[in-house]
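Biologist: I am new to this structure. Please take me through one helix and its surroundings in detail.

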Amino acid sequence: MNFYEFNNNAQQNLMLIERYEWADFSSVTIDHSIAKSVFTFVGHDENSDITIEVKGKEVEQVIRNHSSMEVNVVKRPVWTKVLGYRSQTTLKMFMASTVYTLILLFILHALLPAATHNFIMGLALLILFLSIIGLFIGLIKPKWALPKFKVKTRKRVLFFYLYLILSCFFIAGVFSDGESTSTPASTQVSSSQNSVTVASKKDGADSSEQKVEKNDSDKAVKEEKKQKAEEQAAKEEAKRKADEQAAKEEAKRKADEQAAKEEAKQKAEEQAAKEEAKQKAEEQAAKEEAKQKAEEQAAKEKAEQKAQEQAAKEEAERKAQEQAAKQEAERKAEEQAAKQEAERKAQQAASQQATTSSSTSSSGNYKPFENDPSDDQQSNMSCSGQIKGNKNSKIYHVPGGAYYDRTQDNIVWFCSEADAQAAGYRESQR
């Protein structure tokens, strides 16, 4: 798995920041929600949590197709995937329910006709009254206030009935028409005129001239009051507009400050995340480099060991070959020397045959006994088992020698080494 950072302003848009091998993890636990998916990879050394904002199902399919790790998908009801209910914490669920209820009430207020608003207001007040009573009863006896709940605790009573109370307040605020009960200035002027008219009718005895003067004075008063009311309304309208303008500017200023703070915070978080990712990438690179160096060192040592073993083996084979060649050369040299010595002795024996015959007859056992080459039987039984000579090589062997038992053909027996040497034979070097 390769993780890249995208930067449109950089020379290289995509930069590798993290890398993981499939073999580093044995299993993965996937928790899908509506807005995101959380992948928890269980490794041999450590665990890693990765949050995918979109397309979590596609990432799950990639993992199933390209890895052999065990995939565990967290199964939960649909409502627990909604924002605010995933943690299943009581406080968070209470706040989420309150917000969702307020949004739903605004939608219903826009859809329902105005004729139903009074009925909804009355129903909300009734539920509010019953909720307050149920809250007090439930704090004393939770079983009485929560008949259909499996878990019946005072904490559940408090959150449940507080939610109902807040919902009723929201209904009262949303569905109230907000009609003004104040009487306009024109109505007051009209009332004043009517009162004057009634008074004038009661004084029917007055003259017509007095009626005309009174009507003129009423008209002047009416015009003056109307003018004052219009001036007052204009002042209030101007003040209201000024207040609204100041409030808008203040809200805009606060919004700009909040946006600047959030932007600065976001930049700081991005910078921290970037530095952390860079640090992780450097650590990963250092780890891979150290691993590669260790592998190279191990391979080098193994190669050197193999080379030493091969050299030792070749050296042993070379020494063995040299030893065999040396032994072969010595054997050939011995055979050559024996052959030359045999020829020389044969010549000497031919020249001294007469003298040797006479001396042999006087000594008795000097003449060697030879086997018949046709049957290779030992004919000299009196000296058998003593000095064994080879007629062809003119070499004699003593009992216990290396070639004593190997010599089987062309055997000449001597009773002593002196007899063998006198007959022209030399002693074997082994």
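Modeller: Here is a close look at helix α5 and its packing. This is a predicted model, where local features need pLDDT of at least 70, side-chain atom pairs count only at pLDDT 80 or more, and totals for chains, interfaces and linings use all residues. Residues are numbered from 1 along each chain as its sequence is written, and side-chain values use heavy atoms, leaving out hydrogens and water.

Helix α5 covers residues 154-175. Helices are DSSP runs of H or I with at least four residues, numbered from the N terminus. α5 has 22 residues. From its first C-alpha to its last it reaches 31 Å, close to the 32 Å expected at 1.5 Å a residue. That expected span is 1.5 Å times one less than the number of residues.

Several residues of α5 are buried (under 20% relative accessible area, 1.4 Å probe, protein chains only). Among them are V157, F159, Y161, I165 and C168. The buried residues of α5 pack against α2 (90-111), α3 (117-140) and α4 (142-145).

Now take α2. Its axis lies 10 Å from that of α5, at an angle of about 20°. Axes are lines fitted to C-alpha atoms over the stretch in contact, and angles run from 0 to 180 degrees between N-to-C directions. α2 and α5 are therefore roughly parallel (under 35 degrees). α2 passes α5 in a right-handed crossing, with the near helix turned clockwise from the far one by less than a right angle.

Contact means heavy atoms within 4.5 Å. On the α2 side, the residues that meet α5 include L91, F94, L102 and F106. On the α5 side, they include F159, L166, F170 and V174.

Technical notes:
Helices (H or I, at least four residues) and strands (E, at least two) are DSSP runs, numbered from the N terminus. Buried means under 20% relative accessible area, exposed over 50%, partly exposed in between (1.4 Å probe, protein chains only). Angles under 35 degrees count as roughly parallel, over 145 as roughly antiparallel, 65 to 115 as roughly perpendicular and the rest as oblique.
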